[in-house]
Amino acid sequence: MVESKTKQVKMEFGPLYNYVINTNYRNMAGVVSLGLSVVAAVVLVAKWSELSRGHKFAFATIALLFTVINPLMLAFRTFKQLKLSESYKKPIEYTFGDKGILLKQGDLEQNLPWKHICRILLTNKILAIYTSRVHACVIPLSALGDDKGKILAAVVQFTAEYKPQISRNLKEYQSGKGI
């Protein structure tokens, strides 16, 4: 990418919630918890007539815990974080260039060199650029606009020599497709 691309990002609930759900359910603990809920639901339905009222309540609670209750709690926390956190009140300006990503928010400025990126996650709503296991820049795909393909290709190509973990759906950008 010869020219830098700058995008202004004001975080919204949908993309942030998408990131939170992905963080909570795209790991072994998330898969196991969903599996536990599904097994509890199957047992509840299959053994309904044989179960006591207390067991029905317990199985129903476990079935709902990771499929309904936890996502609702995460949605509430995400909404609260979005409204109360100072870092989400001002938009962040991302400038994608040859040397890395320049982040600006108000008077604050930080350069994120390509070599510091360890993981890149692409979902249908977000691009998450991880600098550690827990720290990521979350960018709504809608904020990338018409430059989405160019930016995704640049991120993949500029980080290739550092071998970050990348989403399967970003593999198509490794050959420069999208530029």
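Author: A crossing is left-handed if the near helix is turned anticlockwise from the far one by less than a right angle, and right-handed if clockwise. The model is predicted: local features need pLDDT of at least 70, side-chain atom pairs 80 or more, while totals for chains, interfaces and linings use all residues. Residues count from 1 along each chain as its sequence is written, and side-chain values use heavy atoms, without hydrogens or water.

Reader: How many helices and strands make up the secondary structure of the protein?

Author: Both are DSSP runs, numbered from the N terminus: helices (H or I) of at least four residues, strands (E) of at least two. From the N terminus on, the elements run β-α-α-α-β-β-β-β-β-β-α-β. That comes to four helices and eight strands.

Reader: Which residues of helix 3 make the contact with helix 2?

Author: The crossing of helix 2 and helix 3 is left-handed. Contact means heavy atoms within 4.5 Å. Helix 2 brings Ser-33, Leu-34, Leu-36, Ser-37, Ala-40, Ala-41, Val-43 and Leu-44. Helix 3 brings Lys-56, Phe-59, Ala-60, Ile-62, Ala-63, Leu-65, Phe-66 and Thr-67.

Reader: In what order do the four strands of the open sheet stand?

Author: Two strands pair if DSSP finds at least two bridges between them. In this open sheet the pairing is antiparallel. The order is 1-2-3-4.

Reader: Why is one side of strand 1 and one side of strand 4 left without a neighbour in the sheet?

Author: Strand 1 covers residues 5-9, and strand 4 covers residues 108-113. Both stand at the edges, so one side of each is free of neighbours, because each has a single partner strand.

Reader: What is the bridge partner of Glu-93 in strand 3?

Author: Strand 2 (residues 92-96) and strand 3 (residues 100-105) run antiparallel. Four bridges join them. Opposite Glu-93, the partner in strand 3 is Lys-104.

Reader: Is Leu-112 buried or exposed?

Author: Leu-112 is found in strand 4. Beyond four places in sequence, Leu-112 touches Gly-100, Ile-101, Leu-103, Ile-117, Ile-129, Thr-131 and Cys-137. Buried means under 20% relative accessible area, exposed over 50%, partly exposed in between (1.4 Å probe, protein chains only). With a relative accessible area of 5%, Leu-112 is buried.

Reader: How far apart are the C-alpha atoms of Leu-112 and Thr-131?

Author: Thr-131 is among the residues that Leu-112 touches. Along the chain, the two are 19 residues apart. Their C-alpha atoms are separated by 8.6 Å.

Reader: Does Lys-5 count as buried or exposed?

Author: Lys-5 is found in strand 1. Leaving aside neighbours within four places in sequence, Lys-5 is in contact with Tyr-94, Thr-95, Phe-96, Asp-147, Lys-150 and Ile-151. At 10% relative accessibility, Lys-5 counts as buried.

Reader: How many residues does the hairpin use to join strand 5 to strand 6?

Author: Strand 5 (residues 119-122) and strand 6 (residues 126-130) pair in the antiparallel sense. Four bridges hold that pairing. The hairpin joins strand 5 to strand 6 through three residues.

Reader: Which residue of strand 8 stands opposite Arg-119?

Author: In strand 6, the bridge partner of Arg-119 is Tyr-130. Strand 5 also runs parallel to strand 8 (residues 165-166), joined by two bridges. In strand 8, Arg-119 stands opposite Gln-165.

Reader: What percentage of the 179 residues of the protein count as buried?

Author: The C-alpha trace spans about 70 × 35 × 25 Å along its principal axes. Of the 179 residues, the buried part is 37%.
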